[in-house]
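Colleague: I am new to this kind of model. Could you take me through the reasoning behind the labels?

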Amino acid sequence: MTSSTFSDRADHVLHTAHQGGAWWRSAVIYQIYPRSFADANGDGIGDLAGITTRLPYLRALGVDAIWLSPFYTSPQADAGYDVADYRDIDPLFGSLADADLLIKSAHDLALKVIVDLVPNHSSDEHPWFQTALASAPGSPERDRYMFRDGSGPGGGEPPNNWQSVFGGPAWSRAAEPGTPGQWYLHLFDAKQPDFNWQNADVRHEFEDVLRFWLDRGVDGFRVDVAHGLVKAPGLPDWSGPMNMLDLVDKDLDRPPMWDQDPVHEIYRSWRKILDSYNPPSAVDHDAAQDRVMCAEAWVDPPERAALYVRDGEFHQAFNFDFLQSDWTARSLHRNITRSLEANDGVGAPTTWVLSNHDVVRHASRLGLPIGTPRPNGIGVGDPQPDPVLGLRRARAATTLMLALPGGAYLYQGEELGLPEHTTMPDAARQDPTWERTRHAERGRDGARVPIPWEEAAPTYGFGPTGRSWLPQPEVYGELAVDQQDGREGSTLELYRLLLRTRAEHHLGEGSLIWLDAGQDVVSFENATVQGRVRVLLNLGGAPLPLPDDAVLLAASGPVDEGVVPVDTTVWFTAGGHQ
Ligand code: GLC
Ligand code: CA
């Protein structure tokens with residue numbers, strides 16, 4: 001094949017380049033799940049001190065920032081996404097002093113720090129909810145949450161038919177001795193009551209929480225369930241799927257609990273607070289100091305998702321359509337195009353992601369037959385993914401992702417090619433989904449297993465004592481950091497190469513031009529002021545020769561004699577472009 005086969009569809013330039021733009025437009029951000037990253041004190045649960053000691057590893061990996069899943073005071077009914085005090089650290093993870101040290105140490109290494117904000121609900125052990133329970137129906141204390149009278153005789157039935165994302169009804173009845181109790185809404189676990197975002201106390205409280213963490217030096221927030229804060233007036237019944245994962249790409253009415261227009265006004269008010277720490281209009285404005293917000297919004301179609309990243313709202317929103325793509329050229333091409341077009345329409349970058357703590361790790365997900373609906377956990381007795389195929393495709397998927405213009409999030413351990421723990425004993429499971437679905441869905445524990453640092457150490461170096469809050473699969477030993485460090489062709493070295501090359505060529509700041517290289521191929525050129533890099537992912541049935549003049553920059557797997565094998569992505573320069 002010669003380079004002319006890659007006919008240039010110049011009419012198809014996507015994503016206006018933002019060379020030299022603000023850091024978050026092209027940043028690679030590494031998600032730390034604190035429970036499972038590094039355990040300094042040996043109690044089997046990762047902690048802030050453990051994270052701080054491992055920061056140099058992340059600096060050397062080549063990421064720009066870290067996002068920490070919640071570390072706040074919490075009964076841990078949903079692994080910390082049930083917050084009882086938004087201004088303190090749970091003793092499981094350490095103290096505010098540990099958080100300060102972590103933030104400072106990260107900054108000393110030029111790593112930005114993004115923390116998780118959970119505004120849709122608190123813990124039922126939050127003082128406000130406890131006070132609400134002790135107060136009368138209709139009281140101002142109750143108005144901060146979503147209390148309603150029940151339906152049916154004596155109010156004994158839930159107020160509407162909504163289901164929890166974790167399974168079972170989205171309402172629980174508050175015990176009120178002497179009187180029939182009201183019900184409260186919880187879109188997630190019964191220990192996660194939803195706030196009422198029409199209530200002024202709630203608004204003021206979160207504005208203050210934002211300032212609290214900004215004053216401590218954080219660089220931004222990942223906002224949990226950003227599409228859920230405001231519910232449709234009257235809370236009408238809903239018979240479509242409740243699980244936000246199932247709503248994507250379905251031709252249904254907008255569900256009354258997700259993506260309601262008034263959420264946007266909340267984010268506009270937050271954006272003003274963030275901007276006040278680095279006013280965009282100031283003559284000495286330094287984009288490197290921007291504080292940012294990233295939306296976790298499972299919203300479809302992409303044009304609705306783009307509303308969250310309009311001027312004056314979020315800086316970033318996870319591209320879950322990309323995460324959910326089928327492993328076909330058609331699906332990847334379509335999702336990349338649609339999201340770039342939608343975000344270009346509002347002047348925002350696209351934020352790519354393949355794995356996080358809520359989904360089956362992509363090294364396992366991509367080892368399932370193409371077209372399998374994304375499972376909510378995999379366990380003993382379920383069809384098992386092909387680990388070799390899964391890893392090969394995962395490496396190709398990441399090599400594709402990191403060449404796309406925009407930002408990207410990595411999930412801890414994916415740089416080691418970690419698979420999901422797909423044979424975890426069910427008795428070890430802790431995700432409320434497992435019980436609430438009456439064992440119909442395994443849930444997310446398999447993606448949350450403590451990560452391996454040293455093959456020969458207890459818990460593969462996660463902590464010093466051999467204790468681990470979830471069991472680790474045996475294969476994590478050979479995938480430990482010390483087994484991959486410096487080993488040519490290891491997944492860790494691939495990630496390091498990709499991140500280095502991406503930075504050198506400013507790929508995050510480029511424009512995408514689709515190339516036509518056949519129907520089972522994803523191929524584009526990423527054009528930056530630095531030059532042009534070509535990207536090719538072979539999804540066909542046969543190896544594909546590279547142009548004669550190709551100079552290889554990176555490859556997700558072995559490329560011998562200029563031939564790209566199936567399920568392999570390559571980056572190269574060609575045709576005199578450099
Ligand atoms: C988000 C989090 C998830 C959590 C849920 C409820 O989806 O990522 O882990 O269970 O919100 O807070
Ligand atoms: Ca610990």
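Colleague: How many residues surround ligand 1, and which are the closest?

Modeller: Keep in mind that this model is predicted. In it, 15 residues surround ligand 1. The closest are Asp78, Asp224, Glu296, His357 and Asp358.

Colleague: What classes make up the shell around ligand 1?

Modeller: Seven charged, five nonpolar and three polar residues.

Colleague: What makes the pair between Asp224 and ligand 1 a polar contact?

Modeller: Set the distance against the cut-off. A side-chain N or O atom of Asp224 is 2.7 Å from an oxygen atom of ligand 1. A polar contact needs N or O atoms within 3.5 Å, so this pair counts. Arg222 places a polar side-chain atom 2.9 Å from a ligand 1 oxygen. Arg444 also has a polar side-chain atom 2.9 Å from an oxygen of ligand 1. As for cover, ligand 1 taken alone exposes 300 Å², and the protein buries 100% of that.

Colleague: How do you know which atoms coordinate the calcium ion (ligand 2)?

Modeller: By distance again. Asp39 (OD), Asn41 (OD1), Asp43 (OD), Ile45 (O) and Asp47 (OD) sit at 2.2 to 2.4 Å. The cut-off for Ca is 3.2 Å, so these atoms count as donors. Along the chain, the donors follow the spacing D-x1-N-x1-D-x1-I-x1-D.

Colleague: Why is Asp39 called buried?

Modeller: Its relative accessible area is 4%. Buried means under 20%, so Asp39 qualifies.

Colleague: And why is Asp43 called partly exposed?

Modeller: Asp43 has a relative accessible area of 24%. Buried is under 20% and exposed is over 50%, so Asp43 falls in between.

Technical notes: Residues numbered from 1 in each chain as written. Chains lettered and ligands numbered in written order. Predicted model: local features only at pLDDT ≥ 70, side-chain atom pairs only at ≥ 80, totals over all residues. Heavy atoms only, no water. Near = heavy atom within 4 Å. Polar contact = N/O pair within 3.5 Å; in protein donor to acceptor, adjacent residues only side chain to side chain. Areas by Shrake-Rupley, 256 points an atom, 1.4 Å probe, with all protein chains shown as cover. Nonpolar A, V, L, I, M, F, W, Y, C, P; charged D, E, K, R; others polar. Donors = N, O, S within 2.8 Å, 3.2 Å for Na, K, Ca; no water. Buried < 20%, exposed > 50% of the residue type's maximum accessible area, 1.4 Å probe, protein only.
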